[in-house]
Amino acid sequence: MSTALLQWILLLFCLPIHAKDLAKQYSVTPSNWPKVETADQRKVPPLTPLTLLKAAPSKDATALGSRLFHDPILSLDKTVSCATCHDANQTFADGLGQAIGIDKQQGRRNTPAIFGLDHWETFFWDGRAKTAEQQALMPIEDPKEMGLPLKQAIARLNAHADYPKQFKQIYGQETITTETLAKALVAFERSIPAPQTLFTQFINTAFKNPEQAVALLSPQQLQGLHVFRTKGKCMTCHNGALMSDNQFHVTGFHYYGRELEDIGRYKVTKKAEDSGAFRTPSLIGMSQTAPWMHDGLQVSLEGLVLQYNAGGPRPRPRKEFVNDPLFPKTTDLLLKLGLNQQEREALMEFLRIL
């Protein structure tokens, strides 16, 4: 007898009626699942499979992009490549709190995994890049990442033994440019699939065979999904195929006026309301991409759930910052949830399969 079948037998005979009802409620097409609850009563996009929104890149462009992505030729001292921080064996992240670039320099932010490029509306934690092509070039020049001026990077590629031939074959130009370099890198990045997790298997199956999808989850994981969609109000921000609303929110992890201060989006927009705001990360693959948050300082899933259950971190300004217009104000979208221990544990079990 399989473990999954045994769990459902226990569910049927040992768990309360409401647990059996929960399995029934989710054994239907996702459009008929229980209504999503959000902090502001707003209707949000449902959870759906993550797919390409545009035509897939050609195999040749993808192969060229992959080669460039893994080639340290694009770093100043030829020791670092894009793959240094975005390792295929680490879900295209690096497993570190903060990224490490040339000369072992440590950055300030956590390396996000790469997937779902078609779904993002901005790039980087602070949204400073508006397109994937723009984002692809910025780490090359960043002095703490790859440290190579783009002019030098293009000169290196044009002087290479065979890169010019590959670029001409694919893009029809004699000379490699920053535009074609970005196109090649993004072609590969767009080919990277979402992390393969129990959740991605579940959500893909749910639209084909709902009953089979529910059978993939343990009763506790299913309860966690329900808490995520309802009482936990997680889909206020973590919604849609990407499990991100593509918006910027102040969640309280800014350390304003302290050594680790990072005021995020404000550096891009210069708007006071954006001080301490960061783009909502996708939760897909979070079971494989710890540590979490923009600073990579959060290592405890239980700690995060407890903080959000309490309404999120709400730092109070010290005396010298009481009237400071840039002191971040935690978003009103974070509410005290009142999740009991069973609900919190179920939610954590669901988050562990993402």
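This presentation describes helix packing, buried residues, cysteines and unusual backbone geometry in one predicted model.

Good morning, colleagues. I shall begin with confidence. The mean pLDDT of the protein is 94, and 95% of its residues reach 70 or more. One stretch calls for caution: across residues 8-17 the pLDDT is below 50. Beyond near neighbours in sequence, that stretch has 14 contacts in the model.

Let us turn to the helices. Two packed helices are described by the angle between their axes and the distance between the axes. Helix α8, residues 178-190, will serve as our reference, and I shall take two of its partners in turn.

The partner I take to begin with is helix α5, which spans residues 132-141. Its axis lies 8 Å from that of α8, and the packing angle is about 105 degrees. The angle falls between 65 and 115 degrees, and α5 and α8 are therefore roughly perpendicular to each other. On the α5 side, the residues in this contact are A132, E133, Q135, A136, L137 and I140. They meet T178, L181, A182, L185, V186 and E189 of α8. Sorted by class, the contact holds eight nonpolar, two polar and two charged residues.

Q135 deserves a closer look. This residue of helix α5 has a relative accessibility of 17% and so counts as buried. What surrounds Q135, once neighbours within four places in sequence are set aside? Its contacts are F123, F124, A129 and E189. E189 is also among the α8 residues that meet α5.

The other partner is helix α3, residues 59-69. The axes of α3 and α8 come within 7 Å and cross at roughly 100 degrees, and these two helices are therefore also roughly perpendicular to each other. From α3, the contact involves A61, T62, L64, G65, S66, L68 and F69. From α8, it involves L181, A184, L185, A187, F188 and E189. By class there are nine nonpolar, three polar and one charged residues in the contact of α3 with α8.

If you compare the two lists, L181, L185 and E189 of α8 appear in the contact with α5 and again in the contact with α3. An α-helix has 3.6 residues a turn, so residues three or four places apart point the same way.

I now move to helices α9 and α11. In helix α9, residues 198-206, the buried residues are F199, T200, F202, I203, T205 and A206. What covers them? The cover includes α10 (210-216), α11 (219-229) and α14 (341-351). Helix α11 is itself mostly covered, with eight of its 11 residues buried. These are Q221, L222, Q223, G224, L225, V227, F228 and R229.

One pairing links distant parts of the sequence. K20, in helix α2 (residues 17-26), is 199 residues from P219 along the chain, yet their C-alpha atoms are separated by 8.9 Å. Is K20 buried, partly exposed or exposed? With a relative accessible area of 28%, K20 is partly exposed.

Next, the cysteines. A disulfide is a covalent bond between the sulfur atoms of two cysteines. How many disulfides does a search of the whole structure find? The search finds zero. C85 is in no disulfide, and the nearest cysteine sulfur, that of C82, is 9.0 Å away. C85 is also buried, at a relative accessible area of 12%. For C234, the closest cysteine sulfur belongs to C237, and the distance of 9.5 Å is too far for a bond. C234 is likewise buried, with a relative accessible area of 17%.

Finally, the backbone. Most residues other than glycine have a negative phi, and most peptide bonds are trans. Three places in this model depart from that pattern. A cis peptide bond, with omega at about 0 degrees, joins A290 and P291. P291 sits in the loop between β2 (277-279) and α13 (301-309). K233, although not a glycine, has a positive phi of about 55 degrees. K233 lies in the loop between α11 and β1 (248-250) and is partly exposed, at 23% relative accessibility. Y255 also has a positive phi, near 55 degrees. Y255 belongs to the loop between β1 and α12 (266-269).

That concludes my presentation. Thank you for your attention.

Key: Residues are numbered from 1 along each chain as its sequence is written. This is a predicted model: local features need pLDDT of at least 70, side-chain atom pairs count only at pLDDT 80 or more; totals for chains, interfaces and linings use all residues. Side-chain values use heavy atoms; hydrogens and water are left out. Axes are lines fitted to C-alpha atoms, for helices over the stretch in contact, and angles run from 0 to 180 degrees between N-to-C directions. Helices (H or I, at least four residues) and strands (E, at least two) are DSSP runs, numbered from the N terminus. Angles under 35 degrees count as roughly parallel, over 145 as roughly antiparallel, 65 to 115 as roughly perpendicular and the rest as oblique. Contact means heavy atoms within 4.5 Å. Ala, Val, Leu, Ile, Met, Phe, Trp, Tyr, Cys and Pro count as nonpolar, Asp, Glu, Lys and Arg as charged, and the others, Gly among them, as polar. pLDDT is the predictor's confidence in each residue, from 0 to 100. A disulfide is a pair of cysteine sulfur atoms within 2.5 Å. Buried means under 20% relative accessible area, exposed over 50%, partly exposed in between (1.4 Å probe, protein chains only).
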